[in-house]
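Colleague: Could you take me closely through one part of this model, the surroundings of the second ligand, and then set that part in the context of the rest of the chain? I would like a connected account rather than a list.

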Amino acid sequence: MDYKCNYFCDHCSVSANPYCNNPFPLEAIKKLLDEGKQLGFKLVVFTGGEPTLDMDKLLTALRYAKNLGYITRVVTNGYWATTFEKAMDVLSKMKDAGLDEINTSFDDYHLDIPKRRWSVDPAQYVYIVKASIKLNIRIGIGLIYDSNSLITRDFATKFFVLFLGLTPHEVEKHIKFVVDVPARVGRASTEIPDEKILQRELPISGCSDIGKVYGLHPDGRITVCCGHAIFATDAYDIGNWKTEENPLSKSRERASQNLIYWWLWTNGPKKILKEIGIHERTTHICDACKILMVDHRDEIIEYFKAHKDEILINDVLLNTRARETVEFIKKQEVKV
Ligand code: SF4
Ligand code: SF4
């Protein structure tokens, strides 16, 4: 919706702050929702910055998306939930407008704990969860932590058990926790010492989001995914909604014709890094992608030019995800 935010978190990969002022125009949002619907998109996520800062626009966009049949999600820092009544009021309005799922973040960074200040009242998360359960809105909570963090997955469960009066099983049933580490882009790249960032050892795998989850940005960019690496380079740009007619279908066509994206889909950035002989510390899949597409962009292009045919045949067409790839191509009705 905008990169404007009333918080100023150290780990913010989009460098959101109170002084940003680049709102996504409502008419453009509606047009993109219309086109997305025609192309078969199912889920829309309104995020920022803090998307509730312009509540009227958010409610109108939610209503418009719901009328078109989208599943809707809002990602918010939850600053508005100063009391349970206030949380009920804001969430009821969003629910009436068509909200299906609310996502917020409960961690040291949002609470500003690294600076030893509880500048955000942790009670707001209790009010949000309580109100969401009452209104039957699905709730996801992001937990980002580093080696010094107080709030871990275990801490969060105990916190909600204690303050919601639920059993651990009930907490797990109502809240979908998503654990992550700070991405080394945006403000995080300067504000968080590298050695504090934990390494999430995920299996080496292809990226399942690329080409499926598009990022639509207030400045006009359309990106081929929403991973944090997109904020460090234009290598993921596939279109521009400000300058093009039917920008989503053109973007989809461009994405489908880019072999590097297919390579990321089938092999994933970690395997590709290994293949071209780069052995650097990676913290998660999008961090590996940033190392590949930003820090070693020239090397990957050189390697790619020299091995294009092998990549197309062995890595993309004969890969272990071949069946899934063919199904995906058929469903998207795209050319390769
Ligand atoms: S991480 Fe979220 S809450 Fe924090 S500054 Fe960025 S957009 Fe705002
Ligand atoms: S791994 Fe790369 S392509 Fe996949 S979501 Fe992350 S940044 Fe995007």
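Modeller: This is a predicted model, and its chain has 13 helices and eight strands. The radius of gyration is 21 Å, close to the 20 Å that the globule rule gives for 336 residues, so the chain is as compact as a globular protein of that length. Along the principal axes, the C-alpha atoms occupy a box of roughly 60 × 45 × 40 Å, and buried residues account for 37% of the 336 residues. Of the contacts between residues at least 6 apart in sequence, 69% link residues that are at least 24 apart.

Turning to the part you asked about, ligand 2 is surrounded by C207, D209, I210, C225, G227, A229, L264, P269, I285, C286 and C289. By class, this shell is made up of nine nonpolar residues, one polar residue and one charged residue. Helix α11 supplies the largest share of the shell, three residues.

Helix α11, which spans residues 285–295, also leads into the interior of the model. The largest nonpolar core has 77 residues, and those touching the most other members are I128, V224, A229, C289 and L292; to this core α11 gives the most, with seven residues. Two of the residues just named, A229 and C289, also belong to the surroundings of ligand 2. In soluble globular proteins, nonpolar side chains tend to be buried together. Another of the core residues, I128, is in contact with G78, A81, A87, I102 and T104, once its neighbours within four places in sequence are left aside.

Helix α10, residues 268–275, has as its buried residues G268, P269, K270, I272 and L273, and P269 is one of the residues around ligand 2. The buried residues of α10 pack against α11 and against α9, which covers 259–266. After α10 comes G277, with a positive phi near 85 degrees.

For context, the other ligand has surroundings of its own. Around ligand 1 are C5, Y7, F8, C9, C12, A16, G48, G49, E50, N77 and H110, a shell that divides into six nonpolar, four polar and one charged residues. Two of these residues, G48 and G49, are joined by a cis peptide bond, with omega about 15 degrees, and G49 lies in the loop between β1 (43–46) and α2 (55–67).

Some backbone details elsewhere also deserve a careful look. Most residues other than glycine have a negative phi, and most peptide bonds are trans. S15, in the segment before α1 (26–38), has a positive phi near 55 degrees although this residue is not a glycine; because 18 other C-beta atoms lie within 10 Å, S15 is partly exposed. N246 is likewise a residue other than glycine with a positive phi, about 45 degrees, and its place is the loop between β8 (237–240) and α8 (247–256). With 15 C-beta neighbours inside 10 Å, N246 is therefore counted as partly exposed.

Finally, T167 sits in the loop between α5 (153–164) and α6 (168–174), and T167 counts as exposed because there are 10 C-beta neighbours inside 10 Å. The C-alpha atoms of T167 and D107 are separated by 21 Å, the two residues being 60 apart along the chain.

How values were computed
Residues numbered from 1 in each chain as written. Chains lettered and ligands numbered in written order. Predicted model: local features only at pLDDT ≥ 70, side-chain atom pairs only at ≥ 80, totals over all residues. Core = buried A, V, L, I, M, F, W, Y, C linked by C-beta atoms within 7 Å. Buried ≥ 20, exposed ≤ 12 C-beta atoms within 10 Å, placed from the backbone. Helix = DSSP H or I, 4+ residues; strand = E, 2+ residues; numbered from the N terminus. Contact = placed C-beta atoms within 7 Å. Near = placed C-beta within 6 Å. Nonpolar A, V, L, I, M, F, W, Y, C, P; charged D, E, K, R; others polar. Rg over C-alpha atoms; globule rule 2.2 N^0.38 Å.
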